[in-house]
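This report was written in reply to a request for a careful reading of two parts of a protein model, one inside a sheet and one between domains.

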Amino acid sequence: MTKKLTTKKTVLADQLEDQLVKLFLECEEEPSDLEIDLGKTEFIEIASLSFLISFWLGRQIRQKKTSFIRLPQKQKTRDFLKLWRFIEALASATRTPEQEILPESEKAFLEEPITTYTGSKTGLYALELNNSWKKTYSGNRNFFEFKSFIVDDLDNRDLFRSGTEALPKNESMRWQGELIKAVLRTHLSGGAEEEDEVARVVIFESLANAIQHPAASIIQKTSIFLGDTKENGYIKEGHLTICVWDDGESIIDTLAPIVRSGGIIRAYSLPSPMYDRTKMIVKKYGKTEKFSQLIRSAEDPAQDAANEWILLSSTFPGLTRKVAKNVSKVDKLSDEEQQDQYRMGFGLYALKRTVVDLYGGSLSIRSKNCFLNLTLAPKNLKVRYKASVMLYPEKIYPEFVGNLIIMRIPIKR
Amino acid sequence: MRYIALNIRLGVVGDKPIEKIRQKFQDGIIKKIFPEVENIERLGEQYTTSIPYRTILYKPQHVRDIIKKIASRYSDQSLDLILLDLSNNDCQEFREDVFLSLIDGVNDLADPEENPINPIKIFIFLLPLMPGSRKRNGSEISINSSEYLQIKNMKSEKNTIVLLTNDYKSFVYGANPIVIPDDIFEIYHKHMAALKENPIHLLCEKTIRKLGHFHSNKKINGERCCRPYTYFTYDAGKEIGELLSVWWSKYSNNSEYIIYDSNNNDSLHEAINAFAEIEKIPVYYIEDVMSDNSIHKEVTEEKIDKTFTLIVDAVDTSATVTNYIEDLVKLNVYPNENILSVFAPAASIIKEISRKKYVIHAFISKKHEPIPESKCPQCIIGLPYSSELSEDYFMLRAYDIYHMIDSVGIEPEPKEEVPETGYPYSYIPKYEEMIEEFGDWLAYKMEYYLIKSIGIPENLFIIHPEEVASKALSDKLRFRFNKKITTVKIPRYQITKAQKNNNDWSEILIEEAKEGWVEQIESLIDQGATALIIDYLNGSGKTFQSLQKMLTKLEIGVYCYFPFVDRDPGADSVEKYPFNKLCLYEWYGPRQLKRNLSNV
């Protein structure tokens, strides 16, 4: 069965997923052949590109065919895809040559010159397009472009190569460069000179989390600064968005077996100010009613806790999995050490504290059939965080492949 | 009062001696906080405590054990205070987990149940500049980092925590109301000033003179020229930015925008755009201005009557700068009379362009020594041109090594550096001078070769015989790692002693247990460290074999053997060197070995 999906003028991750779910439910099964027409699209949210890569890979694993009919026709949008190296990222994740991803009519895309970005005038533009970049440089032409990191093959690891384990450190150092720091300082809504937290916590912890997901073979990171946009007459606040996706086992699946068996996933007992309350509001796809629940981060999820609670608990302080199998790059650690390394879990907690509390942004996680969006709660809820959850259908519509963490940090007006 | 100071280095393997200047600084801090205490005694701890990156990433909770292990050495002594000096690290190396584990370790030491004989009452933390700490003047360093929340909620009835940050803020939590004198930061300030390196010196250190066969814009008597060198900076955005900021305040003449060319210098691109971003000055790439795109239109239509400053990466003959100014003047835009270049043949050059006098200022003056093609030895023997932007080869060209030898000369091999097992070479190049003069590039090439061929692990340290040329090489190589790598120097006489004993190091390691190099090497044992063995010259592999035997005995991995020049690249090389072996130049001519010792 061949189906066609025509994307809208504006493509946002949740709207794109909504279109896909509808299409799948209409068919009552997953189409064997899906053709995507991006021709009319003028704006694509960066997170929707990471989502599309995971979606495409999932279909490839299930031996379903996905193809493009057209890329966006608007030059600025084409240049955006090219400058952010989206096709290369898709090719890396699916291990498919770039030329095979492009339809016949779009084969010239990769050679087209970029005309709507100049790299001149401001630091941000210079980051998006480094004019002095040469193919021989080891650095990136666009600081924010999709970067794909192949996770070391577990069976053929070279003890002496730094490989995947160096990723959090190296990327964090890249975000400590003079130019990106200057741009963060002038754009972020956090206090003056707090730009260091982006590298120290946001970049480091999101990647440290990704490299330890079992069975991950690729990690992709991309980011973008987006100014205020007008949507339906309203001004939507601009953000720095950073997306980290891996194709490993979902966070829910790594934690759930321990929770279900009554295992301990809390490593630490911490001072009470480190615990907070979250109002979780859950909506099932296609239903209008919402269910809300008050969750204390001091409490471990119950044995029969729903998946979304388990996912939310990954952001609690001191909570982590103890699964000691199949985690990338743990060379030279003894069995005892391998056990130890899962006792602490402050990575996603620190990420939440920085993105949500410090910068007033949002932390979203797409995993399995859940989409979780965590923000500071409005005062009337009388809790610290609000977690909005969308549960996608578990039948017909396939599970998300891997984990996608989307961090949105507001930028100054 | 008795105290110990723990000098914690994050993200490295292997300990190193604590510098005298740092010990003095720490003693000064303690005296300042406790002026009424007459007898303050500092105990032990002559070496830093390293916490490897792998520990930070995978098992940060072990930091707690590391702290406890060190303190346990003093469990039989009355200890009043522990100073934890973390100020020598970058804030980026502080994962929150690490901080929490540190605090847990400290809590344990203060807890009479955990540490019944000698619970410690006072802890002083010296911290680097932490994000968010700079702007706050209130009672907290940061309300956002969980580590500080944890500090605030420590078992404060049992101990006292003093935090001093290197942005001159102090905080006291806990049982004793210790008063921090206002002038304590005079000591901190002096110490920081003593450590701060001048940006121009740092820029010079990050400037690499690369040998090769390069085009020159210069013509002598109408003939095209070549250059045997080119210069480039590496990872110097910060230094160029600091210098640019000072230069701009003196020479910008109220320029309202910048036009720049940074063809070969990514650091300059980074520095200019960062500076302009902070100062809110528009900055345009010269190619955009000269093209027919929107930037050209913007500059020619909106910037008329506004002065701009031209910044370029390098000036050789001034021909390119002259062309730029002439072309820009034709667009009716107004150049500042001061032009900036990172490199130029002189610190300032006066140049008349389109009947106006311009001054080209340079941060670093370097002459390119152009040679007419007819006299260029490399042209004469038909060598291809080299790339300015990348390394054409991993190893040196034969021309490069002979050029360097020609520059520094030759000498009989120093007898004290000849292994007991072999005869000296009659003559060798003056390697020490060679490394002093060309070492920046040689180290850059070594790093490049490692990265591109076998990769560089996170848990690396350098080990080499304690000889002048090898030390010069390791000093240059350390700079490639921003000085954040441990180097262990093994005395030649100890290597000889081990060689005479069939490379059995057991006795030596016991006898010399209190020697610095043994303490250093032993600190690496449990850290999953891997060794990069370097030397300026490999004649027979005997030195390598001896060092490798020692490391193997201590169960420390060998990652690579990298002599600068390898005289022993023979057919049996693979068997003789069971690890990665790289070099910058292979020059067949193994050292002649003494018969009775040749099997050692």
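What follows treats a strand in chain A and then a domain interface in chain B.

The model is a predicted one, and local features are considered here only where pLDDT is at least 70.

**Chain A and strand β10**

The secondary structure of chain A amounts to 13 helices and 16 strands, and of its 413 residues 62% are buried. Among the contacts in chain A with a separation of 6 or more, 72% are between residues 24 or more positions apart.

Within this chain, strand β10 of chain A (residues 239-246) has 8 of its 8 residues buried, so the strand is largely enclosed by the rest of the structure. In a regular strand the side chains alternate between the two faces of the sheet. In β10(A), one set, consisting of His239(A), Thr241(A), Cys243(A) and Trp245(A), points one way, while Leu240(A), Ile242(A), Val244(A) and Asp246(A) point the other way, and all of these residues are buried.

Two strands that pair with β10(A) are set out below, each with one example of residues that stand opposite each other.

| Partner strand | Bridges to β10(A) | Direction | Example pair |
|---|---|---|---|
| β7(A), residues 218-226 | 8 bridges | antiparallel | Ile219(A) and Asp246(A) |
| β16(A), residues 403-410 | 8 bridges | antiparallel | Ile406(A) and Cys243(A) |

The residues of β10(A) in these two examples belong to opposite sets, since Cys243(A) points one way from the strand and Asp246(A) the other way.

**Chain B and the interface of domains 2 and 3**

Chain B is divided into domain 1 (2-197), domain 2 (207-365) and domain 3 (400-597). The centres of domain 2 and domain 3 of chain B, taken over C-alpha atoms, are separated by 43 Å, and 10 residues of domain 2 of chain B are in contact with 11 residues of domain 3 of chain B.

How much area is buried between domain 2 and domain 3 of chain B? The value is about 870 Å², of which 60% comes from carbon and sulfur atoms.

Between these two domains of chain B the count is 1 salt bridge, and the side chains of Glu437(B) and Arg209(B) meet in a salt bridge with an N to O distance of 3.5 Å. The rule for polar contacts finds 1 residue pair across the interface of domain 2 and domain 3 of chain B, with both residues at pLDDT 80 or more. On the side of domain 2 of chain B that touches domain 3 of chain B, β8 (207-220) and β9 (223-233) of chain B each supply at least two residues, and β8(B) gives the most, with 6 residues.

Key
Residues numbered from 1 in each chain as written. Chains lettered and ligands numbered in written order. Heavy atoms only, no water. Buried < 20%, exposed > 50% of the residue type's maximum accessible area, 1.4 Å probe, protein only. Helix = DSSP H or I, 4+ residues; strand = E, 2+ residues; numbered from the N terminus. Pairing = 2+ DSSP bridges. Domains from an automatic or database assignment. Contact = heavy atoms within 4.5 Å. Buried area = accessible area lost by both parts, 1.4 Å probe. Salt bridge = Lys/Arg side-chain N within 4 Å of Asp/Glu carboxyl O. Polar contact = N/O pair within 3.5 Å; in protein donor to acceptor, adjacent residues only side chain to side chain.
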